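Open the model in your viewer and set it to cartoon view. Keep the selection box at hand. We will go stop by stop.

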Amino acid sequence: PLLCVALTPVFFRSRIDKVGAEVREAFGLLSSHTVETVQGLTEVLNFEAGKTRRAEFLSMVDWFQETRLPFVSGNTFRQVFVDVVTGFGVLSVILTGTYLVNAGTVDGAYMPLLALVSMAAFLPVAEIADVGRELANTLGSTQRLKAVYDEEVVITDGDRKIEVAATGPDGGDSGGIGIRFDDVTFAYPNTKEPALDRVSFEIAAGKTVALVGPSGAGKSTIAQLLMRFWDPQSGTVSMQGVNLRDYKLRQLRQTTALVQQDTYLFNDTLLGNLLIANPQATAEHVEQALAQASLTAFVDALPDGLQTYVGERGFSLSGGQRQRVAIARAFLKDAPCLILDEATSHLDSISERTVHDALSKLMVNRTTLIIAHRLSTIKNADMILVLDQGRIAETGTHQELLSRNGLYADLVNHQMSAGVRTAAA
């Protein structure tokens, strides 16, 4: 019986390990569904999808219970089996000892000692079997963690540092970083058509380049490649003449400030969300950044000022306010390279003019890449690139592109016509 108890984990191991992995997977999917429902509560209410999400949740709960039941049943059966065999083992010692005492082979005074020794022998072996039961549940979680750990790291770190030119006090071209895209082709995973197809252009240090074009033309993809969120399948993206793959990721991303259309805010104070851009920023720097992003009046009106919690994903702030927080972050980061990805799309006309003036100051002595549809944010760029279906269709200044009556002129005319219709309405 002692040997049988010792081998119990081996007999039940494969079955319990398999079921344990299925249980952890089911629990992970159930937790993910719950988190998504809470985070997407606005959409759930807007589309009256509460009943559908509830039905999906209950269905996943049933699936989780059905998956977990064999796991619990298997562990219970093994525990009962161990207890029964342990009891049988102690009983067999007592019965054998009784027979030997009656036969005169063993002194009866040894019987209590034999019973205690047999129980003491079974206890550690039974505990090892219990550890095996807990191990099955742990291995299920470990396998899921191992799958993440073994995932191939696509973006790897380089070993070179970026040499940044000193910023000129007169607002010349001595600041910023030179950027070059050379025959870049990139396609997102599980997609057939490339987002960028043999794209080449150059941004001189301290200059401003605007990207325009229809939705899906590849504008935001260029920004993501510049931040090395992805690497191109072919071609090179370089700064200061060096391939981005050769730079240290930490320094590369410290050198570039990205202001996106959709700003993510953490469930923290407003100050905490600002300091993520520069944890060493002083109170004076924060106040200056707030003023430059036209946030001072808004912060002064908050009951706790900068210590006000913004809620999960910043739900207590409007879209425009979240976007101005992102712009304040860019001021705090004070990076030589600036990427504005629809940075003023959520602002009203009055706020846009104010923030546009602030961004104009921010872009001085910085290499700037602007992704925008609004004419007011791109017409003064040193160069405008017009993208269409992942390729550069036109290149030039605002006036040059208008004179060609190409895609850029069509986009501008369409925007002006829309504005006239809106004003008339």
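Leaving aside its neighbours within four places in sequence, which residues is Thr221 in contact with? Select Thr221 and show what surrounds it: the contacts are Phe186, Tyr188, Ala195 and Leu196. Keep in mind that this is a predicted model.

**Stop 1: helix α6**

Now widen the selection to residues 219–226. This is helix α6, and Thr221 has its place in it. Is Thr221 buried or exposed? Its relative accessible area is 5%. The cut-off for buried is under 20%, so Thr221 is buried.

Thr221 has company. Of the 8 residues of α6, 6 are buried, which leaves the helix mostly covered. Colour them: Lys219, Thr221, Ile222, Ala223, Leu225 and Leu226. Then step past the end of the helix to Arg228. Its phi is positive, near 60°.

What does α6 lie across? Turn the view and find strands β3, β7 (337–341), β8 and β9 beneath the helix's path: α6 lies across these four strands. Its direction is at about 145° to that of β8.

**Stop 2: the sheet**

Hide the helices for a moment. In what order do the strands of the open sheet come? There are 6 of them, in the order β6-β7-β8-β3-β9-β10, and the pairing is mixed. Select β6 (256–259) and β10 to mark the edges; each of these pairs on one side only. On average, neighbouring strands are turned by 15° against each other, direction ignored.

Next, pick out the strands one pair at a time.

- Select 208–212 and 367–371. These are β3 and β8, which run parallel and are joined by 4 bridges. Leu211 has Ile371 of β8 as its bridge partner.
- Keep β3 and add 383–388, which is β9. This pair is also parallel, again over 4 bridges. Val209 has Met383 of β9 as its bridge partner.
- Move on to β9 with 391–396, which is β10. Here the strands run antiparallel, with 5 bridges. Look for Ile384 opposite Gly396, and for Leu385 opposite Thr395.

Zoom in on the turn between β9 and β10. The hairpin has 2 residues between its strands, and Gln389 takes a positive phi near 55° there.

**Stop 3: Val209**

Go back to β3 and select Val209, which lies in that strand. How accessible is Val209? Its relative accessibility is 2%, and it therefore counts as buried.

Show its surroundings. Not counting residues up to four places away in sequence, Val209 touches Ile203, Thr368, Leu369, Ile370, Met383 and Leu385. Now draw a distance from Val209 to Ile339, C-alpha to C-alpha. The two are 130 residues apart along the chain, yet the separation is 9.8 Å.

**Stop 4: two helices that cross**

Bring the helices back. Select 283–292, helix α9, and 319–333, helix α11. How do these two helices cross? Their axes come within 8 Å, at roughly 135°. The two helices are therefore oblique to each other. The crossing is right-handed.

Show side chains to see who makes the contact. From α9 come His285, Val286, Ala289 and Gln292; from α11 come Ala328, Phe331 and Leu332.

Leave α11 selected and bring the sheet back into view. The helix packs on the sheet, where it touches β6 and β7. Its direction makes about 170° with that of β6.

**Stop 5: the nonpolar cores**

In soluble globular proteins, nonpolar side chains tend to be buried together. Where can you see this here? Select Leu270, Leu274, Leu340, Ile384 and Tyr408. These belong to the largest nonpolar core, which has 42 residues, and they touch the most other members. Which helix gives the most to this core? It is α11, with 7 residues.

There is one more selection to make. A second, separate core has 31 residues, including Val209, Val237, Tyr247 and Ile371. Two of these names are familiar from the sheet: Val209 sits in β3, and Ile371 is the partner of Leu211.

Definitions and conventions
Residues are numbered from 1 along each chain as its sequence is written. This is a predicted model: local features need pLDDT of at least 70, side-chain atom pairs count only at pLDDT 80 or more; totals for chains, interfaces and linings use all residues. Side-chain values use heavy atoms; hydrogens and water are left out. A nonpolar core is a set of buried Ala, Val, Leu, Ile, Met, Phe, Trp, Tyr and Cys residues joined through side-chain atoms within 4.5 Å. Buried means under 20% relative accessible area, exposed over 50%, partly exposed in between (1.4 Å probe, protein chains only). Two strands pair if DSSP finds at least two bridges between them. Axes are lines fitted to C-alpha atoms, for helices over the stretch in contact, and angles run from 0 to 180 degrees between N-to-C directions. Angles under 35 degrees count as roughly parallel, over 145 as roughly antiparallel, 65 to 115 as roughly perpendicular and the rest as oblique. A crossing is left-handed if the near helix is turned anticlockwise from the far one by less than a right angle, and right-handed if clockwise. Contact means heavy atoms within 4.5 Å.
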